[in-house]
Amino acid sequence: MEPISEERILIIDFGSQYTQLIARRVREQHVYCEIHPFTTPLNKIREFQPKGIILSGGPQGVYEPDAPICDRGVLDLGVPVLGICYGLQLMVHLLDGKVAPSARREYGRASLSVVDDSDLFSGFGKNAPVDVWMSHGDKVDDLPRGFSVLASSENSPNAAVADVNRGLYGVQFHPEVAHTPRGGEILANFLMSICGCSPSWTMSSFVDRSIEQIRTQLGQEHVLCALSGGVDSSVVAALLHKAIGDQLHCIFVDNGLLRKGEASYVEEVFGKHFGMELTVVDAAKRFLDALDGVTDPEKKRKIIGQEFIGVFEQQSEKFSRCGYLAQGTLYPDVIESVSVRGPSATIKSHHNVGGLPEKMDLKLIEPLRELFKDEVRLLGQTLGLPRHIVQRQPFPGPGLGIRCVGDITEERLEVLREADYILQEELISSGALSQTWQAFAVLLPVKSVGVMGDERTYEETLVIRAITSQDGMTADWARLPYELLAKFSNRIINEVTGVNRVLYDISSKPPSTIEWE
Ligand code: XMP
């Protein structure tokens, strides 16, 4: 495959929780970059032809016996290198400087003073105070030969250092996090002034290039796409449709566990507006039959996953001319990272179409493999997808099946759908939706007594779950205004028969998860 951009930055990962953030910050400067593990051999790094290299942070100390150490040759390739935190320490260690444990771990905000207005701090001015975020237990005691100090803080005299002649730079702080407000400028200085990159990685250049690649890869082959209506599969479909038009065949499975109006909306957008070949399969009965009497969350997930594969396989027989299956795999899924993954990957069995391609003897096409989520949204926007789809919140594959706690019946799903619809309406009209990462309703099989007019009621409980998050791995409950909560409760209890009590979920993740099942 053609390289995605002529100007590439290589990020070598030493296991920092912030490595992906570095990549996103680089791309925000419109420079293409990839993350590769510290074990990547030097010849592969040479082949990649980076215009610059960033060494990420990492949780270990360079002097520990099992510390991650990359090939020393990366410092001799003649391309600029920026070491961040552990990356700085490793650079110093490899060049025979001295790194030692600090007497006290430094964690949190610090103020730097720029002592040398080198290219890295271009635009900052000498002696300018710079707020930065520190998180390290080790410090650089002795600089390698040729290095000098660019900026210092009270606790870290060697907070930013460089051997300008060799293009080797290192910072003890984290320019990639939001707590380093001018971190973007520092990274931009490294990318543009020091590495000589230009801001040429844009979505429209990506669209042109990837359409060309898709056409070359596929030729006359036809592609099957499982369209879910979520951001990723929608953008995959829109991109492929632009590239290969009628060679694309989309299947949308209505499993009966979707939000109100979802199936008709997808048909409207993709079938009518975009004119894609779209098959909508109404499989609600099949799913609900299979779920009859099942209350165990894991069993529900497994059944929904299996039924999906069953329906999809059955349908795909009609598309035997398809040699490819499209998948909305994103860059975070393919990074061969040494970072520690959060616990949620294994706590619940996440449903996806993973098993399908081998079973059906299909090759895979994954046109979003290089992109982060925010870039996918931008791509969707560039391709003309409606805002409602591009800005959509994540919706789990098992859908309302895992939000309808207890028995899944058509009646209970209808209650949940109506309540969720009201919730979404109010979130949109109040403008609060965009302040949440996810906001949805959950129906509990817990009945309580109420009174409506003169009548006693005995109905189920609805929970509102609204959370803020960066990536779904950790989350906090959203501090929505009381007035808005009152409105949800009022409307839901009054308008939805079957619910007489509304609760607001105030649990963070961890220890709770975002979904209830
Ligand atoms: P939890 O509940 O594990 O959810 O905190 C984390 C994020 O993942 C979404 N989620 C799923 N997404 N298939 C998906 O595609 C699934 O089976 C699934 N389960 C949870 C959840 O909505 C949240 O955004």
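Here is a short chat about a sheet, a helix and one serine in this predicted model.

Author: Local features here need pLDDT of at least 70, side-chain atom pairs count only at pLDDT 80 or more, and totals for chains, interfaces and linings use all residues. Residues are numbered from 1 along each chain as its sequence is written, and side-chain values use heavy atoms, with hydrogens and water left out.

Reader: Why is Ser 316 called buried?

Author: Buried means under 20% relative accessible area, exposed over 50%, partly exposed in between (1.4 Å probe, protein chains only). Ser 316 has 10%, so it's buried.

Reader: What makes the Ser 316 side chain and the backbone oxygen of Glu 313 a polar contact?

Author: A polar contact is a pair of N or O atoms within 3.5 Å; within protein, one must be able to donate a hydrogen and the other to accept it, and residues adjacent in sequence count only if both atoms are side-chain atoms. Here a polar atom of the Ser 316 side chain lies 2.7 Å from that oxygen, so the pair fits the cut-off.

Reader: Which residues does Ser 316 touch, leaving aside neighbours within four places in sequence?

Author: Leu 224, Ile 251 and Met 360. Contact means heavy atoms within 4.5 Å.

Reader: How do you know that β13 and β14 pair?

Author: Two strands pair if DSSP finds at least two bridges between them. Strands (E, at least two residues) and helices (H or I, at least four) are DSSP runs, numbered from the N terminus. β13 and β14 have 3 bridges, in the parallel sense, so they pair.

Reader: And what makes β14 an edge strand?

Author: β14 (363-365) pairs on one side only, and β12 (277-282) does too. The open sheet runs β12-β11-β10-β13-β14.
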